[in-house]
Amino acid sequence: METPKTALLGRTLDEIQQIVRNLGMPKFAAKQIASWLYDKKVETIDEMTNLSLKHREALKEGYEVGASAPVEEMRSVDGTVKYLFRTPTRNFIEAVYIPDEDRATLCVSSQVGCKMNCKFCMTGKQGFTANLTANQILNQIYSIPEREKLTNLVFMGMGEPFDNLDEVLKVLEILTSEYGYGWSPKRITVSSVGLKKGLERFLNESDCHLAISMHNTPIPSQRRDLMPAEKAFSITEIIDILHNYDFSKQRRLSFEYIVFKGVNDSLIYAKEIVKLLRGIECRVNLIRFHAIPDVDLEGVDMEAMTTFRDYLTQHGVFATIRASRGEDIFAACGMLSTAKQQKEKGVTLQ
């Protein structure tokens, strides 16, 4: 059996320099390889034509670009495209392309499944299978047809980014470094339930925007029922940490809040949000709930969303209502990958 080759895609410049040294290639070849990967976005080592034939052959013996196309896609009437990727272990992950006037956002996954087990999340119901490598995360960007149109990237797909922070930070380095994509950190938002250790490290090692999944309720006892991570990492602890950082300049802080009918949609909760976020420069994104199987939660109508938003805004908390997208194509994160996995096992998603 042929030994699998190692992917170059997802390697930082330091890692490529080590590969170059190991193969006896000139030092400058590392930047040439990085340029072929992240600027020219080649598919094969043979396309790296400013490397000598000898060095290309040496590189090909143990390495490959390591890009892989989506195995399936679903297109919504609103222009949203959900892409399904297969991992080498034959699991599935999702990335979602969301065009909106002059913006084009890609939502990427960082894990296969998730350990957080939030009640309202289809990915959490899959359980946790594996962390994605930097290659598998970056491939979601590298391998979609719309990659050159992207203006923004959000880590809001499958998985908890701070539970796989080493690989996520590698991807952020590649995206924002001169040798890589050269993007401004302002184009990237990483979303988390707020794992304490990962949160502090992310804030110290990255300049990208941060979104905290407050979801459900700012009241800790109720948040625990819907988001088990609250037991280990409380929303009040997260807020205490965030008070130590300056979000008034380049970096943006936002809180994601899914509004559920009869659960957290009354103005009692809006008042608690105002109290909780006092003194922090931030915004609150209100999100419509996309129903998932076997979960007794419902979304609210636009009137309730607007009332909630207006209360927050009138009391000093900037709030927006996130437009629902892709409702005709397994809109909830994790639904398409779950359906595909179950189909291959001969099970139907109800």
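This report walks through the overall build of a predicted protein model and then visits a few of its residues.

## Overall build

Let's start with the whole chain. The secondary structure adds up to 12 helices and 14 strands. With a radius of gyration of 21 Å, close to the 20 Å that the globule rule gives for 350 residues, the protein is as compact as a globular protein of that length. If you drew a box around the C-alpha atoms along the principal axes, it would be roughly 70 × 50 × 40 Å.

How much of the contact network links residues 24 or more positions apart? Among contacts with a separation of 6 or more, such pairs account for 66%.

## Inside and outside

Of the 350 residues, 52% count as buried. The protein also exposes about 16,400 Å² of surface, and carbon and sulfur atoms supply 47% of that area.

Charges are worth a look too. There are 44 positive and 46 negative ones, and the mean positions of these two groups are 2 Å apart.

## The largest nonpolar core

The largest nonpolar core has 109 residues. Which of its residues touch the most other members? They are Met48 and Leu242.

Leu242 makes a good example to find in the structure. Setting aside residues up to four places away in sequence, Leu242 touches Leu199, Leu203, Leu210, Ile212, Phe247, Leu253, Phe255 and Ile280.

## Next door: His243

His243 sits in the loop between helix H9 (235-242) and strand S12 (253-259). Is His243 buried or partly exposed? Its relative accessibility is 41%, so it counts as partly exposed, a class that runs from 20% to 50%.

Beyond its neighbours within four places in sequence, His243 is in contact with Arg278, Gly279 and Ile280. Lys82, by contrast, is 161 residues from His243 in sequence and 36 Å from it in space, C-alpha to C-alpha.

## Two residues with a positive phi

Here is a backbone detail to look for. Most residues other than glycine have a negative phi. Asn117 is not a glycine, yet its phi is positive, at about 55 degrees. Asn117 lies in the loop between strand S7 (111-113) and helix H4 (122-126), and with a relative accessible area of 43% it is partly exposed.

Asp294 also has a positive phi, of about 65 degrees, although it is not a glycine. You will find Asp294 in the loop between strand S13 (283-288) and helix H11 (302-314). Why does Asp294 count as exposed? Its relative accessibility is 82%, and the exposed class covers values over 50%.

How values were computed:
Residues are numbered from 1 along each chain as its sequence is written. This is a predicted model: local features need pLDDT of at least 70, side-chain atom pairs count only at pLDDT 80 or more; totals for chains, interfaces and linings use all residues. Side-chain values use heavy atoms; hydrogens and water are left out. A nonpolar core is a set of buried Ala, Val, Leu, Ile, Met, Phe, Trp, Tyr and Cys residues joined through side-chain atoms within 4.5 Å. Buried means under 20% relative accessible area, exposed over 50%, partly exposed in between (1.4 Å probe, protein chains only). Contact means heavy atoms within 4.5 Å. Helices (H or I, at least four residues) and strands (E, at least two) are DSSP runs, numbered from the N terminus. The radius of gyration is taken over C-alpha atoms; the globule rule is 2.2 Å times the number of residues to the power 0.38. Accessible areas come from the Shrake-Rupley method with a 1.4 Å probe; for residues, only the protein chains shown count as cover. Lys and Arg count as positive and Asp and Glu as negative; His and the chain ends are not counted. The place of a charge is taken as NZ of Lys, CZ of Arg, CG of Asp or CD of Glu.
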